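Colleague: I would like to learn how to read a model like this one with you. Could we go feature by feature, with the general idea before the case at hand?

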Amino acid sequence: MRQTISLIGHPVVHSISPAFQQAAFDALGLDIQYEAWDVPDVELPIAVERLRSSSLLGANVTIPHKVTALRFLDHFDGAVELVGAVNTIVNRDGQLYGMNTDVEGILNVLNSIDVDFTGTNAVILGAGGAARAAVVAMRQIGVARVTIANRTSARAHELVKLGGTELDIETCQLDGMAREFQSAVTGARVIIHATSLGMNHGPDETANLVPSGLMTPDQFAFDLVYTPEQTPFLQAADQAGATTISGLAMLVHQGAAAFRHWTGQEPPISIMFDAARTSLDSKTDASDAEMR
Ligand code: NAP
């Protein structure tokens, strides 16, 4: 029987998950169809309930439902409890299991570059869901200290407890001119950008929060924003000679982790990567054409 996996979000038209997940199912000859469901808030309970059907293997959950969807699930993994949001649902005999593969996505990207971050310092810009996943990932790779810089400082403070006993977390102003921000950035081995700035159709597409002059060639600059692939932050990091890591890598790796949960099979990462990049390019071209 053909099975379905859905993407539950609103809107979903810009998502590239359908392209790279379908490419992966097809490459492995799996009879699975990945469908994007545009689900407004009022329809969320019904959409999640549909996932209990035996023809549905599960779902991805995206903005704005990553937190609200938790209410309708039966079980959660540890990453969901720490991050407070779900991005993957698996249907096992009508029971819905919520998972958060963003943490695994970040970890797998960092593991793929084969650098030991144990005992180093990190800076995370932002304090939303993506930043929370980044804090949990930093704890798991043995980073010693994380500084969180966020526009709304109260939200940054909420993340301090995620460090547990292993990870020392402090917060600072999100201001490239502030001395404490500058010293946190210059002392970091990895700088993770997790705000919505620099993102196509986001609050400011050209903004970069970390001046190039603060970064050095021995640092790793990881932007969780994936559209465009070369964000203003990554361009500044590249100018400084730092190693840049694109959010597209995280997107593919979090999707690959979801693929493993749904199918129990090893995902074809390079096929997913190629399909994600092709889809991203075509959506960028279409959106540029709309603007003209
Ligand atoms: P979120 O929960 O809405 O958080 C947004 C963050 O951006 C908050 O820290 C917010 O600061 C900050 N922000 C928004 N507008 C700002 C502005 N004008 N100036 C300064 N800071 C601003 O969103 P999220 O889910 O964490 O996502 C953040 C980014 O990560 C998005 O671009 C998303 O696409 C990306 N992401 C990528 C992946 C991937 O797989 N690559 C996965 C998840 C998310 P305040 O707290 O002050 O509002």
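Modeller: Happily! Let us begin with polar contacts: a pair of N or O atoms within 3.5 Å, where within protein one atom must be able to donate a hydrogen and the other to accept it. Please keep in mind that this is a predicted model.

Colleague: Which backbone oxygen lies 3.0 Å from a polar atom of the side chain of Asn150?

Modeller: That of Thr152. The Asn150 side chain also has a polar atom 3.3 Å from the backbone nitrogen of Ala127. As for its place, Asn150 belongs to strand E8, residues 145-150.

Colleague: Is Asn150 buried or exposed?

Modeller: The cut-off to remember is that buried means under 20% relative accessible area. Asn150 has 11% relative accessibility, so it counts as buried.

Colleague: With which residues is Asn150 in contact, leaving aside neighbours within four places in sequence?

Modeller: They are Gly126, Ala127, Arg155, Ala156, Cys172 and Leu174. Asn150 also leads us to the ligand, since it is listed with Ala130, Arg151, Thr152 and Arg155 as coming nearest among the 24 residues around the ligand.

Colleague: Let us stay with the ligand. What lies 2.9 Å from a polar backbone atom of Leu224?

Modeller: A nitrogen atom of the ligand. Gly247 has a polar backbone atom 3.0 Å from a ligand nitrogen, and a backbone N or O atom of Ala127 is 2.9 Å from a ligand oxygen. On its own the ligand has 920 Å² of accessible area, and the protein covers 81% of that.

Colleague: And which elements give two or more residues to the shell around the ligand?

Modeller: Helix H5 (129-140) and helix H9 (247-263) do. H9 gives the most, with 4 residues. By residue type, the shell holds 11 nonpolar, 9 polar and 4 charged residues.

Colleague: How should I read the domains alongside that shell?

Modeller: Take the division of the chain, then ask what each part gives to the site. Here the protein is divided into domain 1 (3-99 + 249-291) and domain 2 (103-245), and the shell around the ligand draws at least three residues from each of them. Their centres, taken over C-alpha atoms, are 25 Å apart.

Colleague: How many residues of domain 1 are in contact with domain 2?

Modeller: There are 17, and they meet 19 residues of domain 2.

Colleague: Let us turn to charged side chains. What joins the side chains of Glu166 and Arg139?

Modeller: A polar contact of 3.3 Å. Along the chain these two residues are 27 residues apart, while their C-alpha atoms are separated by 6.9 Å. Glu166 sits in the loop between helix H6 (153-158) and strand E9 (168-173), and its side chain makes another polar contact, of 3.5 Å, with the side chain of Thr165. With a relative accessible area of 48%, Glu166 is partly exposed.

Colleague: Which residue's side chain makes a polar contact with the side chain of Asp38?

Modeller: That of His10, at 2.4 Å. Asp38 lies in strand E2, residues 32-38, and counts as partly exposed at 41% relative accessibility. Setting aside residues up to four places away in sequence, Asp38 touches Gly9, His10, Pro11 and Val12.

Colleague: How do I read the backbone angles?

Modeller: In general, most residues other than glycine have a negative phi, and most peptide bonds are trans. Here a cis peptide bond joins His10 and Pro11, with omega about 0°. Pro11 is in the loop between strand E1 (3-9) and helix H1 (17-27). Another cis bond joins Ile63 and Pro64, with omega about 10°; Pro64 lies in the loop between strand E3 (56-61) and strand E4 (75-76).

Colleague: And what is the phi of Asp114?

Modeller: It is positive, about 55°, although Asp114 is not a glycine. Asp114 is placed in the loop between helix H4 (102-112) and strand E7 (121-125), and it counts as exposed at 70% relative accessibility. His201 also has a positive phi, about 65°. His201 lies in the loop between strand E10 (190-193) and strand E11 (220-223), and at 47% relative accessibility it counts as partly exposed.

Methods: Residues numbered from 1 in each chain as written. Predicted model: local features only at pLDDT ≥ 70, side-chain atom pairs only at ≥ 80, totals over all residues. Heavy atoms only, no water. Buried < 20%, exposed > 50% of the residue type's maximum accessible area, 1.4 Å probe, protein only. Contact = heavy atoms within 4.5 Å. Near = heavy atom within 4 Å. Areas by Shrake-Rupley, 256 points an atom, 1.4 Å probe, with all protein chains shown as cover. Nonpolar A, V, L, I, M, F, W, Y, C, P; charged D, E, K, R; others polar. Domains from an automatic or database assignment.
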